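Me: I'd like to learn how to read a fold like this one, step by step. Can we go through it together?

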Amino acid sequence: MTTKTRTVERRSRFMDRFGLFSECLLTGVWIAVAALPLLTFPAAFAAGTRHLRRHLAGEHGGLREFVTDARAAARGGWLVGVSVWAAGALLLLDLSAVQAGLPGGPFVGAVGILALIGYLVAVVRAAACWEPGVSWRILLAAAGRRTVRDPAGSLLLVCGMAVVVLSGALVLPLAVPVVGAVAAAATAVEARRLAR
């Protein structure tokens, strides 16, 4: 192999990786815009991860396909969005018990926080596996099992969500493209599971 061939190969790998990175950032913007109604976050995330899977497979896909996927995922995904908000409301109720000084309040608060984090991971994992026509109920049940059985993948997603929150706390616009990195992480976690 000549020096010129190695240089071209190295440059090609760099461009492929940079292209994936930029696609993740763009996907994060699309997800954030599609999730503005708040209840559509699971559907937007599902469309984003499906877009990244298409990109990795070398298939054509752009904003039009993303919008089509987001609409299809929203048909059942909005109920998942409502359930996330309901879980958040239950957590606030638990935390108010902690603040009121009720017996066992700190334990209930800790369990509530862990349960909400686990549920968010399951929602993200379910969205990463979404395909048109697949029931969200089936996806969530399978994602719940994977959340428990694959602690390393779940921890990666928790860390990704923490980065989004911290980015948003420091510079709010920075959190938008970081969501795309979490979508890429969810895609990678699920691809790793399938490869085993």
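**Reading the fold**

Reply: Sure, let's begin with the elements: the chain has seven helices and zero strands. From the N terminus on, the order is simply α-α-α-α-α-α-α. Keep in mind that this is a predicted model.

Me: What are the spans of the C-alpha trace along its principal axes?

Reply: They come to about 75 × 35 × 35 Å. The chain has 196 residues, and buried ones make up 35% of them.

Me: Among contacts between residues at least 6 apart in sequence, how many join residues at least 24 apart?

Reply: That share is 65% in this chain.

Me: Next, helix pairs. How do the axes of α2 and α3 cross?

Reply: Start with the angle between the axes: from 0 to 180 degrees, what is neither roughly parallel, roughly antiparallel nor roughly perpendicular counts as oblique. Here helix α2 (residues 41-56) and helix α3 (residues 63-100) have axes that come within 6 Å and cross at roughly 140°. The two helices are therefore oblique to each other. As for handedness, α2 passes α3 in a right-handed crossing.

Me: Which residues of α2 and α3 meet there?

Reply: On the α2 side you'll find Pro-42, Ala-43, Ala-44, Ala-46, Ala-47, Gly-48, Arg-50 and Arg-54. They meet Glu-65, Phe-66, Asp-69, Ala-70, Ala-73, Ala-74, Gly-77, Val-80 and Gly-81 of α3. Sorted by class, the contact of α2 with α3 has ten nonpolar, three polar and four charged residues.

Me: And what about α2 and α4, at what angle do their axes cross?

Reply: Read that pair in the same steps. The axes of α2 and α4 come within 7 Å and cross at roughly 45°, which makes α2 oblique to α4. This crossing is right-handed. Pro-42, Phe-45, Ala-46, Thr-49 and Arg-53 of α2 make the contact with Val-123, Val-124, Ala-127 and Ala-128 of α4. By class, that contact of α2 with α4 has seven nonpolar, one polar and one charged residues.

Me: Let's turn to the core. Which residues touch the most other members of the largest nonpolar core?

Reply: A core of this kind is a set of buried residues joined through side-chain atoms. The largest one here has 37 residues, and Ile-31, Phe-45, Trp-136 and Leu-157 touch the most other members. At least two residues each come from α1 (3-34), α2, α3, α4 (105-128), α5 (136-149), α6 (151-170) and α7 (172-195). The largest share, eight residues, is supplied by α7.

Me: Can we zoom in on two of those residues? Which ones does Trp-136 touch, not counting residues up to four places away in sequence?

Reply: Trp-136 touches Pro-42, Ala-43, Ala-46, Ala-73, Gly-76, Gly-77, Val-80, Ala-126, Ala-127 and Trp-130.

Me: Then Ile-31: buried or exposed?

Reply: For burial, look at relative accessible area: under 20% is buried. Ile-31 sits in helix α1, and its value is 0%, so Ile-31 is buried. Leaving aside neighbours within four places in sequence, Ile-31 is in contact with Phe-41, Ala-44, Phe-45, Gly-48, Phe-66, Val-179 and Ala-183. To compare sequence with space, take Ile-31 and Leu-52: they are 21 residues apart in sequence and 12 Å apart, C-alpha to C-alpha.

Me: One last residue. Where is Ser-167 placed?

Reply: Ser-167 is in helix α6. With a relative accessible area of 10%, Ser-167 is buried. Beyond neighbours within four places in sequence, Ser-167 is in contact with Leu-172, Leu-174, Ala-175 and Val-178.

Methods. Residues numbered from 1 in each chain as written. Predicted model: local features only at pLDDT ≥ 70, side-chain atom pairs only at ≥ 80, totals over all residues. Heavy atoms only, no water. Helix = DSSP H or I, 4+ residues; strand = E, 2+ residues; numbered from the N terminus. Parallel < 35°, antiparallel > 145°, perpendicular 65-115°, else oblique. Left-handed = near helix turned anticlockwise from the far one by under 90°. Contact = heavy atoms within 4.5 Å. Nonpolar A, V, L, I, M, F, W, Y, C, P; charged D, E, K, R; others polar. Core = buried A, V, L, I, M, F, W, Y, C linked by side-chain atoms within 4.5 Å. Buried < 20%, exposed > 50% of the residue type's maximum accessible area, 1.4 Å probe, protein only.
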